[in-house]
Amino acid sequence: MQTEILGNAGSIKQQGNVLIIKSREAEARIWVYSPSIIRVCISRDYKEEGSFAVIQEPAGKMDITESGNEIVVTTSAMQLRISKSPLRFNFYTAEGKVLSEDDPRFGVNWQDARVTNYRKLIADEKFIGLGEKTGNLNRRGSSYVNWNTDAALHDVNADPLYKTFPFFIGLHSGLTYGLFFDNTHRSYFDFGATTDEKMSWFGADGGDMNYYFFGAQSVPQIIEDYTWLTGRMEMPPLWSLGYQQCRWSYMSADEVLDIAENFRKEKIPADVMYCDIDYMDEYKIFTWNKKTFADPKGMIAKLKAMDFKLVTIVDPGIKVEKGYKQYDEGVAKNYFATYPNGENYVANVWPGRCHFPDFFRADVREWWGKSFTALTDPGVEGFWNDMNEPAAWGQNIPWLVKFGDRYMSEARNVYGMEMARATYEGTKKILGNKRPFVLTRAAYSGAQRYSAVWTGDNSAYDAHMLLGQRLVNSLGITGMSMIGVDIGGFTGDPTPELMVRWNSLGVYTPMFRNHAQEGTIMREPWCWGKKNQAIIKKDIEQRYRMLPYLYSSFYQSCQTGMPVSRTLAINYTGDENVYDVKYQNQFLFGDAILVSPVESTKFTGEVYLPEGDWYRLSTGEKFKGGKAITVPAPLTDLPVFIKAGAIIPMQNVIQSTAEKGDGILEVNVWYGDKANSFVYYEDDGASYDYQKGVYYKREISFDPEKHEITLSKAEGSFTSKYDRVKLVLHGFKASKSIRVNGKELKSKDFSFDNDNHIIAVIY
Ligand code: MIG
């Protein structure tokens with residue numbers, strides 16, 4: 001094995017916006033993307049290649065000084081000090097405080113094709129991030145591998161899972177930094193797990209030491225920078241935020257319709273039905289089973305009449321079968337992955353022997369995208385991408401398999417994202433101005449631009465429910481906001497208690513989908529007895545009540561990258577308690593709702609409330625933050641708390657997002673002694689017109705000093721579907737008069753119809 005450690009700098013030159021430093025072993029290139037983002041790429045064989053993740057160009061000013069053994073790159077936000085002998089890369093705040101430094105001994109090094117960076121570990125350093133990874137919120141003392149895997153039957157410590165997000169945030173000395181290692185090869189991260197607490201290290205089996213260093217001094221700002229660099233999501237179709245019912249599989253159109261009808265009959269709100277693999281003819285993608293789904297158009301029309309949308313699954317594997325359209329076309333045009341001699345690669349998956357589209361090619365993506373007419377013609381609007389790690393029976397797709405010039409070793413971690421991209425771009429084209437809903441299992445950094453994700457095949461036990469929440473919270477740090485877990489647990493049968501509890505947590509999951517493996521007991525809300533059904537129904541109703549708040553929270557994700565489900569480490573970074581394993585599953589749902597997951601076997605919750613005042617949602621009881629509390633947590637009442645000062649718009653219970661409702665936007669304000677504001681956002685929930693200004697946006701604020709609530713003038717050209725506003729005030733003293741937009745409200749039940757159409761104020 002050839003081992004080399006990056007040695008001394010040789011020539012140093014600035015070429016346009018890049019600084020190039022050569023050594024005997026390699027070349028380092030440095031770009032400034034923005035004042036708080038510096039890219040370093042150390043390569044033995046540099047090629048100008050595009051990134052799958054990054055959508056920005058280096059646009060920052062590069063200020064370089066050289067003195068003695070140091071080259072210093074300075075921006076308004078940070079400094080990169082490069083030591084010349086040996087070449088080491090050390091990052092500091094603008095004031096010169098250490099953010100992260102190379103290990104002076106080993107820095108960047110190679111062992112054959114493998115490239116690694118060893119960095120100094122700081123005594124109090126914590127790490128969060130890496131997306132869909134098991135283990136604790138604070139990843140200090142853990143190590144991970146990125147190698148997208150069909151992790152069926154995985155336990156709560158399994159690694160790797162389905163996705164690759166090589167981005168983490170380091171926290172120490174009251175400072176923050178981020179590091180995105182943009183390398184698609186199998187990669188490794190060790191946060192002081194196996195290095196005697198002296199170093200952390202990360203690396204990959206091939207490719208360049210290519211990373212982006214983020215120097216912003218807050219976690220929200222680093223997330224904003226990371227999502228500036230890798231892109232943000234678009235507004236999801238509103239229907240995808242409703243309750244989603246899935247199963248592997250509803251076996252016929254009749255069964256799908258039956259389930260949908262039952263939601264309406266039982267008056268349990270729902271928006272989405274799914275077809276898993278059995279809707280197809282012999283698992284051939286873009287076909288329908290002629291017997292069991294004889295009239296997809298008719299079925300979808302009936303679903304539509306009941307205000308349901310349909311999502312269908314597609315896998316990448318194309319069945320080897322002459323006469324099957326996608327096979328014939330793919331073979332004729334050489335669209336599939338091959339061996340080096342040009343033979344199409346074959347592996348077995350659900351359809352039997354399959355070929356795999358080369359989604360790295362634009363023409364293949366276009367072809368794939370067009371094939372969706374088989375689903376969109378009858379009326380499908382949601383597209384579920386499974387098995388795209390890619391998965392095949394046996395799992396170890398041979399190293400010799402290639403996609404164009406790209407071998408499996410480099411392609412694997414990004415294959416799923418490129419499939420989701422092809423699906424998104426294709427269906428978006430077909431659907432015209434309508435937003436498609438795309439859901440993918442495998443992903444790489446940047447996937448938020450194309451797709452929602454779910455966390456794959458979890459299991460029906462409590463530890464998995466808690467893990468699922470950590471996965472959602474962690475995915476949020478890496479740019480993903482529209483995330484689901486299989487509510488109830490995919491593998492195995494949940495107890496009724498677990499089903500009820502998990503459903504109550506699902507209310508506070510960005511994507512709320514109940515799903516189950518074949519062979520398990522039925523999972524729909526009415527399968528658990530009348531008493532449990534009533535709890536499940538009530539919880540789902542709560543989800544629908546909160547949709548105006550949730551939709552506005554997604555708007556925030558589109559604007560700033562701030563996820564909907566937020567680990568407390570995002571907003572309470574400096575509070576040690578949020579990393580305590582007892583409290584690490586807690587999260588904020590949007591700006592103001594704190595949720596504390598509780599196992600189905602426990603009926604009290606141990607909750608840590610960060611600084612400030614909090615109200616329990618169910619009881620209105622007020623708590624002082626900055627301490628742990630124990631609260632009752634029966635299955636009917638998950639511990640959910642509202643931050644003092646919160647402004648949460650809600651609506652009446654509707655049976656689906658297609659229903660108009662009573663036209664009242666219920667603006668809930670919980671009294672707090674600090675001023676607060678909330679950006680309320682609404683659009684048609686379905687089209688891209690919002691990108692042309694067709695939205696309705698207004699700021700709602702509360703000023704405790706003036707005891708005044710202000711609703712700003714609405715921006716945008718959309719007409720709100722609510723024609724009245726009802727203010728509901730929690731924790732206010734009725735004795736003290738309240739002002740709304742400058743006018744004093746004297747009586748307790750105030751009613752007027754001014755510019756703001758405020759009909760009532762209720763304490
Ligand atoms: O080999 O389509 O994770 O959600 O129900 C299993 C059948 C394939 C795995 C997915 C799961 C889905 C199942 N799929």
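Start with the largest cavity of this predicted model, whose lining, sorted by class, has 12 nonpolar, two polar and three charged residues. To find the place in your viewer, select Glu234, Pro236, Pro436, Tyr450 and Ser451, which lie nearest the centre of this cavity among the 17 residues that line it. The space enclosed there is about 180 Å³, and a search of the whole structure finds six cavities of 30 Å³ or more. Rolling a probe the size of a water molecule over the atoms shows where empty space is left.

Next, move to the second largest cavity by selecting Asn136, Leu137, Arg139, Arg470 and Ser474, the residues nearest its centre out of a lining of 13. The second largest cavity holds about 70 Å³ of space. Which helix supplies the largest share of its lining? Colour residues 462–477 and you will have helix 8, from which five of the lining residues come. By class, the lining of this second cavity divides into three nonpolar, seven polar and three charged residues.

Now turn to the ligand, and show the residues that surround it, of which there are 14, with Asp276, Asp386, Arg441, Asp457 and His515 as the closest. Three of these side chains deserve a distance label in your viewer. Begin with Asp276, where a polar side-chain atom lies 2.5 Å from an oxygen atom of the ligand. Continue to Asp386, which places a polar side-chain atom 2.7 Å from a nitrogen atom of the ligand. Finish with His515, whose polar side-chain atom is 2.9 Å from an oxygen atom of the ligand. How much of the ligand does the protein bury? Taken alone, the ligand exposes 350 Å², and the protein buries 96% of that area. Although the labels you have just added are on polar atoms, the shell around the ligand, when divided by class, has nine nonpolar residues, one polar residue and four charged residues.

From the ligand, go on to the largest pocket, which you can reach by selecting Lys47, Glu49, Gly50, Asp208 and Glu410, the residues nearest its centre among the 38 that line it. About 990 Å³ of space lies in this pocket. To see which elements contribute to its wall, colour strand 4 (27–34), strand 5 (37–43), strand 20 (209–214) and helix 7 (408–431), each of which supplies at least two residues of the lining. When the lining of the largest pocket is sorted by class, there are 13 nonpolar, 10 polar and 15 charged residues.

The next stops are in the backbone, so hide the side chains for a moment if they crowd the view. Select Ser85 and Pro86, which are joined by a cis peptide bond with omega near -5°; Pro86 sits in the loop between strand 8 (78–83) and strand 9 (88–93). Then select Asp159 and Pro160, where the peptide bond is cis and omega is about -5°, and follow the chain on either side to see that Pro160 belongs to the loop between strand 14 (143–146) and strand 15 (163–164). A further stop is Ser173, a residue other than glycine whose phi has a positive value near 50°; Ser173 is in the loop between strand 16 (167–172) and strand 17 (175–181).

Finally, zoom out and colour the chain by its domain assignment, which gives domain 1 (3–230) and domain 2 (660–762). The centres of domain 1 and domain 2, taken over C-alpha atoms, are separated by 45 Å.

Definitions and conventions. Residues are numbered from 1 along each chain as its sequence is written. This is a predicted model: local features need pLDDT of at least 70, side-chain atom pairs count only at pLDDT 80 or more; totals for chains, interfaces and linings use all residues. Side-chain values use heavy atoms; hydrogens and water are left out. On a 1 Å grid over the protein atoms alone, a cavity is a set of points where a 1.4 Å probe fits but cannot get out, and a pocket is an open set with protein on both sides within 12 Å along at least five of seven lines; lining residues have an atom within 4 Å of a point. Grid points are joined across faces, edges and corners, and a volume is the space filled by probe spheres set on the points. Ala, Val, Leu, Ile, Met, Phe, Trp, Tyr, Cys and Pro count as nonpolar, Asp, Glu, Lys and Arg as charged, and the others, Gly among them, as polar. Helices (H or I, at least four residues) and strands (E, at least two) are DSSP runs, numbered from the N terminus. A residue is near a molecule or strand if one of its heavy atoms lies within 4 Å of it. A polar contact is a pair of N or O atoms within 3.5 Å; within protein, one must be able to donate a hydrogen and the other to accept it, and residues adjacent in sequence count only if both atoms are side-chain atoms. Accessible areas come from the Shrake-Rupley method with a 1.4 Å probe; for residues, only the protein chains shown count as cover. Domain bounds come from an automatic or database domain assignment.
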